[in-house]
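Reader: I should like to discuss the contacts between the chains of this assembly. May we proceed by question and answer?

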Protein chains: 4
Amino acid sequence: MTIRVAVLGAAGRMGATTCEAIEAAPDLDLVARLDAGDDVAALAGQADVAVDFTLPDATEANVHALLDAGVHAVVGTTGWDDHAIDRVREHAARTPGVGVLIAPNFALSAVLAMRFAAVAAPLFASVEVVEMHHPHKVDAPSGTAIHTARGIAQARADAGVGAMKDATQTDPRGARGADYDGVRVHALRLEGLVAHEQIFLTNPGELLTIRTDTFDRSSYMPGVLLAVRQVGSHPGVSVGLDSFVDL
Amino acid sequence: MTIRVAVLGAAGRMGATTCEAIEAAPDLDLVARLDAGDDVAALAGQADVAVDFTLPDATEANVHALLDAGVHAVVGTTGWDDHAIDRVREHAARTPGVGVLIAPNFALSAVLAMRFAAVAAPLFASVEVVEMHHPHKVDAPSGTAIHTARGIAQARADAGVGAMKDATQTDPRGARGADYDGVRVHALRLEGLVAHEQIFLTNPGELLTIRTDTFDRSSYMPGVLLAVRQVGSHPGVSVGLDSFVDL
Amino acid sequence: MTIRVAVLGAAGRMGATTCEAIEAAPDLDLVARLDAGDDVAALAGQADVAVDFTLPDATEANVHALLDAGVHAVVGTTGWDDHAIDRVREHAARTPGVGVLIAPNFALSAVLAMRFAAVAAPLFASVEVVEMHHPHKVDAPSGTAIHTARGIAQARADAGVGAMKDATQTDPRGARGADYDGVRVHALRLEGLVAHEQIFLTNPGELLTIRTDTFDRSSYMPGVLLAVRQVGSHPGVSVGLDSFVDL
Amino acid sequence: MTIRVAVLGAAGRMGATTCEAIEAAPDLDLVARLDAGDDVAALAGQADVAVDFTLPDATEANVHALLDAGVHAVVGTTGWDDHAIDRVREHAARTPGVGVLIAPNFALSAVLAMRFAAVAAPLFASVEVVEMHHPHKVDAPSGTAIHTARGIAQARADAGVGAMKDATQTDPRGARGADYDGVRVHALRLEGLVAHEQIFLTNPGELLTIRTDTFDRSSYMPGVLLAVRQVGSHPGVSVGLDSFVDL
């Protein structure tokens, strides 16, 4: 059965690429392209799934409107904080059967890297995250890196592993980077790069490195389509495409 | 309950390190240290598990003797080929309840790398393996690299993924490396290194790299102890410590 | 003073990109675009420098014609062997003042990597080269990797450093890769990649890695323009853009 | 001619390794082992060169005493700031012919990495530095990483290259790391590692990575001996072993 898909932010770079990918997929039907000012509520009964690649200040309102309209949502827009996600969770509890996926990254290599990092993290003494992006990015660190760090921290907490060792006493200019739930995150900004992440995990005598390099936006589409196909089977709010990937 | 452990090849480098690690573990009891000429059959009823770090030309006979003695075997000695493993499988079928683990590598980072590579392999267009060891090693590629390549090939076959693309027409000196079940393996020999492996997985626009660096023999001990503790719960023949690690 | 430049193979992918780059450079004047069938000899007196991005079976004849025409040549076409280069050297000896640069790679990162590798090589016990390209490439290893290996071998020979240690006795499927003047070269073919090279240099206790990743053809243009500007000051035959880069 | 060498901090880990290396070198003669409380002034006329592996709060006084004694100094102790170096420079100006080398790192791979980074830096749009050390280190970032960043900044300034692009507007927890003369430095602390550094250099379409991994203290000795042999030919104060390495 064909899935009817609407794209929000259809005129943007990611939105346009998504429209092309949906049109090329035989099991998906592109039924609407919306941009700023268009009425999301009108999608009720017209679309099964909506993909949101809009802007940080528009995306939350879109998702609430989609929940009210009974349309599953796949959200690739960045800038979500915990409070916004909590508000969507509360709303979703009152619209049973509707699925929302908020995903900071749709590249399969990045999604697998996050998942592998979380699985491995409790077995290692130390874990840190380094992300690299182009220098036009306005926020640091990336949403993917924060999500990776939190997944690592959660897995270690669940396994009862204690805090990592760190004897640093003097670090006058902040070289040790950002602390997210006890996991250090470092952000590099380098002209010509797209999106890259390395996770370093060590024990005495060994180093495991998981690295993902994304050179091109086209690498996101297999993950977006996977999300569109599966979001209907995951009612409620999911964060991160890794929750849809079966390891 | 304490597990009674014997070490075969106790005077060798890996055997000696294993003896130390077992003596330091409160739940394990080192009951015998055997070397060339000692009687393996005498372990019957004396040891629950035997760890074999002997030599390629002795290890198969040791495992057959352990099966006859009803002692579980953890085998770290390299040099096992498919025929030798098949002979042990046939023998093990006649000694129900006895477990044998033949593991080319006990470093957790290496074991996880192999497992992650197999999980990810069907989702990528191309996968190749590069291993790096010290130049005193007499065989190429390493047993770990062959095991990694075969795990990748098996996972792709199970998922129905076709052969990888390769347009190479001229390669006069063999730069494309070794083919193991359709997966290319490359071996580097570099003074000062211990044991290192990289797995490269790509799709259009993205590269996932899984890398493991082992600097020191001490990194094997957590894996050896994990194997000693679990081999009794895995009757029959297992190949690769990854089969004991729960992802 | 403006340099008058002709492009051979102007309709090809690299040729077209070169034409654009030359037109955008204020100190260069694009005076001719030639393709198969056009007369190279006619460039005499019309062009100062010609850039050749044609085909392996056409490039040598082009260079001989350019030497006869007294036009400096910057050659990016691959497929040159030692005999072809020797024939050009002999010809160039009879056309004093004309410069020919045959360069397997114009990416600055790749050129620097080759040069750094050669400088460092005599100080390390072991050195090997790994290159990665897309799987549509028909030859292995890449010209850049061969050039890198030969530069390493020459630097070690000049410094009186002996052969590298390698105890390999069994390598049934050729995992040790290709031998170029005693330096091992390994070639990977991975969908989605462009052109990548790693050089590993080791001593007891340390590993130096020089890695270059080229994601996009645009990265070659700064090197092509540098070559166009300098080839006139390097009469005779030069191989590799690194011979023009001042460290 | 044999060089007479004294070691200050001879009972420490690095000092002891240095004593062994000097005793093993046929052209060097170990004439004194000093520790806290011993009289440095007494080396006058007895030693040609002194190697200082003492403590941050002792090393500057040692160097002043060595200058007064007319003994060349090779200083591996960390913790030197610009003011301390300036005081030594002033003192050295009054003791002509005496050489002082203050080196944050003696591993040849690290020294070459710093030098290569400085040479390449003006040719790239963006450059950042990532260092990784064991988590028992009390200062961040490492002296080597600061030295690397400053070498990069100096080379770019000398070449008239402008500031790097960085559009970061929000970075609430400091993921962008430390700024040294406009070059970002990131410090990771990972159990089991020794000393590692990566320099990332990018242009549109290309990434050059220079990486050094030091697994073992023994890797410093070739650099220490090189310094001992050459410090007498470099009167005045030199900072960084790279100033002694001829590229």
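Reader: How many salt bridges are there between chain D and chain A?

Author: The model is a predicted one, and a salt bridge here requires a side-chain nitrogen of Lys or Arg within 4 Å of a carboxyl oxygen of Asp or Glu. The side chains of A:Glu191 and D:Lys165 meet this condition, at 3.6 Å from N to O. Between chain D and chain A the count is two salt bridges.

Reader: Which elements of chain D each supply at least two residues of the side that touches chain A?

Author: The side of chain D that touches chain A holds 21 nonpolar, 13 polar and 13 charged residues. The elements of chain D that each supply at least two residues of that side are β6 (126-133), β7 (178-180), β8 (183-189), β9 (195-203) and β10 (206-214).

Reader: What area is buried between chain B and chain C?

Author: In this pair, 47 residues of chain B are in contact with 47 residues of chain C. Carbon and sulfur atoms give 58% of the buried area. The area buried between chain B and chain C is about 3700 Å².

Reader: Which side chain of chain C meets B:Lys165 in a salt bridge?

Author: Across the interface of chain B and chain C, two salt bridges are found. In one of them the N to O distance is 3.5 Å. The partner of B:Lys165 in that salt bridge is C:Glu191.

Reader: What relation holds between chain B and chain C?

Author: A turn of 180° with a shift of 0.0 Å along the axis lays chain B on chain C, with an RMSD of 0.1 Å. That is the relation of a two-fold axis.

Reader: Which residue of chain B has the C-alpha nearest the axis?

Author: Chain B is laid on chain C by a turn of 180°. In chain B, the C-alpha nearest the axis lies 2.5 Å from it and belongs to B:Gly177.

Reader: Why do the copies meet through the same surface?

Author: The comparison concerns the interface residues of chain B and those in chain C. The copies meet through the same surface because the share of chain B interface residues that are also interface residues in chain C is 100%.

Reader: Is B:His72 buried or exposed?

Author: B:His72 is placed in strand β4 (residues 72-75) of chain B. Beyond its neighbours within four places in sequence, B:His72 is in contact with residues including B:Asp48, B:Val98 and B:Val231. Its relative accessible area is 15%, and the limit for burial is under 20%, so B:His72 is buried.

Key:
Residues are numbered from 1 along each chain as its sequence is written. Chains are lettered from A and ligands numbered from 1 in the order in which they are written. This is a predicted model: local features need pLDDT of at least 70, side-chain atom pairs count only at pLDDT 80 or more; totals for chains, interfaces and linings use all residues. Side-chain values use heavy atoms; hydrogens and water are left out. Contact means heavy atoms within 4.5 Å. Buried area is the accessible area (1.4 Å probe) that two parts lose on being put together, summed over both. Copies are superposed by least squares on the C-alpha atoms of residues with pLDDT of at least 70 in both. Helices (H or I, at least four residues) and strands (E, at least two) are DSSP runs, numbered from the N terminus. Buried means under 20% relative accessible area, exposed over 50%, partly exposed in between (1.4 Å probe, protein chains only). Ala, Val, Leu, Ile, Met, Phe, Trp, Tyr, Cys and Pro count as nonpolar, Asp, Glu, Lys and Arg as charged, and the others, Gly among them, as polar.
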